[in-house]
Amino acid sequence: MAGKGKATKKKKKSASDRKQAVLKLVLSDTCAVCKTPCARGMRYYESMKQPGAIGKGVPCILTRTFV
């Protein structure tokens with residue numbers, strides 16, 4: 001039985017060791033001029049065009065960074 005060695009187990013990364021994605025919040029004016037519009041941004045843009053609409057922004061997938 002030559003060539004057989006012990007199998008090594010990989011350690012699982014804990015939740016604090018994993019990279020976490022961070023998305024910036026953008027307003028409807030940013031979504032209006034976006035070169036690659038997404039469904040979430042367009043839905044937010046349309047809802048902000050209504051009179052009296054109040055919004056705090058929507059997470060933009062194009063601004064994703066990992067921390």
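A residue counts as buried when its relative accessible area is under 20%. The views below show a predicted model.

**View 1. The whole protein chain, with its helices and strands.** The protein chain contains two helices and two strands. Along the sequence, these elements come in the order β-α-α-β. Along the principal axes, the C-alpha atoms fill a box of roughly 75 × 25 × 15 Å. The radius of gyration of the protein chain is 22 Å, whereas a compact globule of 67 residues would have one near 11 Å.

**View 2. The surface and the contacts of the protein chain.** Of the 67 residues, 9% count as buried. The protein chain exposes about 6400 Å², and carbon and sulfur atoms supply 57% of this area. Among contacts with a separation of 6 or more, 64% are between residues 24 or more positions apart.

**View 3. The largest nonpolar core.** This core has five residues, namely Val26, Cys31, Tyr44, Val58 and Cys60. In soluble globular proteins, nonpolar side chains tend to be buried together. Leaving out residues up to four places away in sequence, Cys31 touches Val26 and Val58, both of which also belong to the core. The other residues that Cys31 touches, with the same neighbours left out, are Gly41, Met42 and Tyr45.

**View 4. Pro59 in strand E2.** Strand E2 covers residues 58–66, and Pro59 has its place there. Is Pro59 buried, partly exposed or exposed? Its relative accessible area is 29%, so Pro59 is partly exposed: the value is not under 20%, as buried would require, and not over 50%, as exposed would require. Apart from residues up to four places away in sequence, Pro59 touches Leu23, Lys24, Leu25 and Arg40. Val26 is 33 residues from Pro59 in sequence, but the two C-alpha atoms are 6.3 Å apart in space. Val26 is also one of the residues of the largest nonpolar core.

**View 5. A nonpolar patch on the surface.** Which residues form this patch? They are Leu23, Ile61 and Leu62, and together they have about 260 Å² of accessible area. Ile61 is found in strand E2, the strand that also holds Pro59. With a relative accessible area of 45%, Ile61 is partly exposed. Leu23 from the patch is also among the residues that Pro59 touches.

Methods: Residues are numbered from 1 along each chain as its sequence is written. This is a predicted model: local features need pLDDT of at least 70, side-chain atom pairs count only at pLDDT 80 or more; totals for chains, interfaces and linings use all residues. Side-chain values use heavy atoms; hydrogens and water are left out. Helices (H or I, at least four residues) and strands (E, at least two) are DSSP runs, numbered from the N terminus. The radius of gyration is taken over C-alpha atoms; the globule rule is 2.2 Å times the number of residues to the power 0.38. Buried means under 20% relative accessible area, exposed over 50%, partly exposed in between (1.4 Å probe, protein chains only). Contact means heavy atoms within 4.5 Å. Accessible areas come from the Shrake-Rupley method with a 1.4 Å probe; for residues, only the protein chains shown count as cover. A nonpolar core is a set of buried Ala, Val, Leu, Ile, Met, Phe, Trp, Tyr and Cys residues joined through side-chain atoms within 4.5 Å. Patches are made of residues with over 30% relative accessible area and no salt bridge: like charges are joined within 9 Å, nonpolar side chains (Val, Leu, Ile, Met, Phe, Trp, Tyr) within 5 Å. A salt bridge is a side-chain nitrogen of Lys or Arg within 4 Å of a carboxyl oxygen of Asp or Glu.
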